Amino acid sequence: MTTKNSRKKESGIDVLLREKGSYPPPKEFSRASRVGSFSELKKIRQGSLLNPEKFWNLAAQELFWFKPWRKTLEWKPPFAKWFVGGKTNACYNALDRHLTGFRRHKAALIWEGENKEKRVLTYLQLHREVCRAANALKNLGIQSGDRVAIYMPMIPEAVIAILACARIGAPHNVVFAGFSASALSERIQDAQAKLVITADGFFRKGLIVKPKDVVDEALKSAPSVQKVLVVNRGIVENTSWIEGRDVDWFEVLSEASENCPAAKLDSEHPLFILYTSGSTGKPKGILHTTGGYLVQAAWTTKYVFDLKDEDLFWCTADIGWVTGHSYVVYGPLLNGATIFMYEGAPMHPAPDRFWDMIERHKISVLYTAPTAIRAFMRLGESWPQKHDLSSLRLLGSVGEPINPEAWQWYHKNIGRGRCPIVDTWWQTETGSIMISPLPGATPSKPGSASLPLPGIDAEVVDREGKPVSLGTGGYLVIRKPWPGMLRTIYGNPARYKEQYFSQVRAPGKKGIPYYFTGDGARKDKDGYFWILGRIDDVLNVSGHRLSTMEIESALVSHPAVAEAAVVGRPDNLTGQAVSAFVTLKEGQNPDESLKREISEYVGRTISPIAKPADLRFTPLLPKTRSGKIMRRLLREIAAGGAVKGDITTLEDLGALEKLQSREED
Ligand code: WTA
């Protein structure tokens, strides 16, 4: 809070900035941080853009390499190789490196179950468990290059499993434990995974969820899997067991040696595949490799969160998303930090669960999503007010644009006006944070992710690749390769090229292709980036990416549905909400119970997060004469507004009128 006295102490520029809706970093924070002034950051950024390779080359030297690289970057657009010829290992960098010094007995991981069960693993203990798990994987026939699917709740074994895969060079394919059996099966099949790691159960809102059952169902259609490694926590009675296929995690780990040298892997060895939604119905397997990913994950964690050894870092993302990969697991461990991990639901048993844990564990950095902040905001200030949150020093936001109201609420009620907020823009494809303030240096403007980080050449351009003028909307592109970038779409380099590197090029006839993010953005007069959201057929619901086509194909696979169209509409809580328009087959009765049944069916087919927030039956969908569904119209109807603009190509105006008057509702 700014009082008269504290205002006096601030310099003129700070007051000016604040009045313009900009928040300079608190002085004490800047003094203690790695980059403590905006001018210093600007200098680093400018220097890095003149020679990004030099910048990343320096950053890479902070990691451990079994063999140094010959060449920083080999760029044959759109394919990049970073730190060519170098040999390293993600797990070695995350764990072994910390075992020789004071971090050996430091907590690497502090975990709390939903039922308040607690576990702490030091770096030494985590290392031992990971080595045992790595040997167990080897004993089960997993070799370097084999894909391992991980379908696990937020328990320490998930981190152990990820690092064990990395240790032996088996790319992990983590699938969010909220995905259905068919979504899991599709991902396992696409990756041709040989082994699945799962758990008997986990707690969510006081109930027990059973991922092993989902795995059993998924494997009926995924023959590549030979073994299932099950973390039996003993919370599910009579877990189904297939002799010869299912293996007990604790049993095999207890028999495995704790001595397992980390594989010396090529810098470009695949580290993981993570599926994300694209603009077609089929999820894309985003492939990340080792050296470059690690360098950027380590650098961004160190500087964006200004991470210190004393910190307790809590990234609330699930390990099933990229944020969980880069900022629950790799980034913090690469920096020798202590990570906090929580198993359960944010509001269980009461809406102050988060604040209670922050107070009890003395968490110092909190990284969460705007949708969570908005959900807390709805429940009022009294829940955080009950708690001492003075251990917090920094807050972060990711997944979607944070609306200024939520930013202010977060700043006031959680940060108590003391903590800077880093609004971080990035994607599954980018691997790590790309656009973000540095908390000790960048004045924040609520709602803007601020400026690209050093080494990142992001720009807002028009179709011809020319930067648009300030204040004008355009395509958000990355003009030069960066170390953590995806290398391809697994098994589909043509789609990789088409999806990301064919839409926008540098101006001129032979302009090199730019990486197209799928997001629209504009820059303000200070060069700050304001993300406008997706401009393709991807929805962002509560920070989760969903493809309209994926939901449409789930809808039409329901026996009562003839045709379906899905669009996003604005929603105060979830950012966007899924709005479905459904045409039924002849003879079906368009009543409320069928609506519910179809919605539930989508939840079962993809995941509960994909369930339509509203579903309308319509005898016809508005189409152009060439048969394309007019999504723009549907979006306008879904948002509750009047239909504007050109509808001259609309084939059946009657369909539109019916939808608008909601006769069929
Ligand atoms: C959106 C999550 C605005 C954006 C790390 C992007 C954001 C998509 C922000 C990627 C932010 C993420 N401000 N929009 N700070 N962060 N997005 O792959 O549309 O799950 O393209 O990665 O989320 O989602 P993904």
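User: Before we get going, what does buried mean here, and what kind of model is this?
Analyst: Buried means under 20% relative accessible area, while exposed means over 50%. As for the kind of model, this one is predicted.

User: OK, which residues of H21 are buried?
Analyst: Helix H21 covers residues 631-638, and 6 of its 8 residues are buried, so the rest of the structure largely encloses it. The buried ones are Arg631, Leu633, Leu634, Glu636, Ile637 and Ala638.

User: And what phi does Gly640 take, just after H21?
Analyst: Gly640 follows just after H21. Its phi is positive, at about 85°.

User: Is Leu334 buried or exposed, and how far is it from Leu63 in space?
Analyst: Leu334 sits in helix H13 (residues 322-334). Its relative accessibility is 4%, so it counts as buried. Beyond its neighbours within four places in sequence, Leu334 has contacts that include Leu63, Ala90 and Leu294. Leu63 is 271 residues away in sequence, yet the C-alpha to C-alpha distance is 8.2 Å.

User: How many residues apart in sequence are the parts that Lys106 and Asp309 tie together?
Analyst: Lys106 and Asp309 form a salt bridge, with their closest N and O atoms 2.5 Å apart. Lys106 is in the loop between helix H6 (90-94) and strand S4 (107-112), and Asp309 is in the loop between helix H12 (291-304) and strand S16 (312-315), so the parts they tie together are separated in sequence by 203 residues.

User: Which partner in the Arg119 and Glu157 salt bridge is buried?
Analyst: The two side chains meet at 3.1 Å, N to O. The pair links distant parts of the chain, with Arg119 in strand S5 (residues 118-122) and Glu157 in helix H8 (residues 156-168). Arg119 has a relative accessible area of 29%, so it is partly exposed. At 3%, the buried partner is Glu157.

User: Where does Ser436 lie, and is it buried or exposed?
Analyst: Ser436 is in the loop between strand S20 (421-424) and strand S21 (458-461). Leaving aside neighbours within four places in sequence, its contacts include Val304, Asp423 and Leu453. With 3% relative accessibility, Ser436 counts as buried.

User: Which residues gather in the patch of positive charge on the surface?
Analyst: One of them is Lys81, found in strand S2 (residues 79-84). Lys81 is partly exposed, at a relative accessible area of 40%. The full patch is Lys67, Arg70, Lys71 and Lys81.

User: Last one: how many salt bridges does a search of the whole structure find?
Analyst: Asp306 and Lys308 make one of them, at 2.8 Å from N to O. The search of the whole structure finds 47.

Technical notes
Residues are numbered from 1 along each chain as its sequence is written. This is a predicted model: local features need pLDDT of at least 70, side-chain atom pairs count only at pLDDT 80 or more; totals for chains, interfaces and linings use all residues. Side-chain values use heavy atoms; hydrogens and water are left out. Patches are made of residues with over 30% relative accessible area and no salt bridge: like charges are joined within 9 Å, nonpolar side chains (Val, Leu, Ile, Met, Phe, Trp, Tyr) within 5 Å. Accessible areas come from the Shrake-Rupley method with a 1.4 Å probe; for residues, only the protein chains shown count as cover. A salt bridge is a side-chain nitrogen of Lys or Arg within 4 Å of a carboxyl oxygen of Asp or Glu. Lys and Arg count as positive and Asp and Glu as negative; His and the chain ends are not counted. The place of a charge is taken as NZ of Lys, CZ of Arg, CG of Asp or CD of Glu. Helices (H or I, at least four residues) and strands (E, at least two) are DSSP runs, numbered from the N terminus. Buried means under 20% relative accessible area, exposed over 50%, partly exposed in between (1.4 Å probe, protein chains only). Contact means heavy atoms within 4.5 Å.
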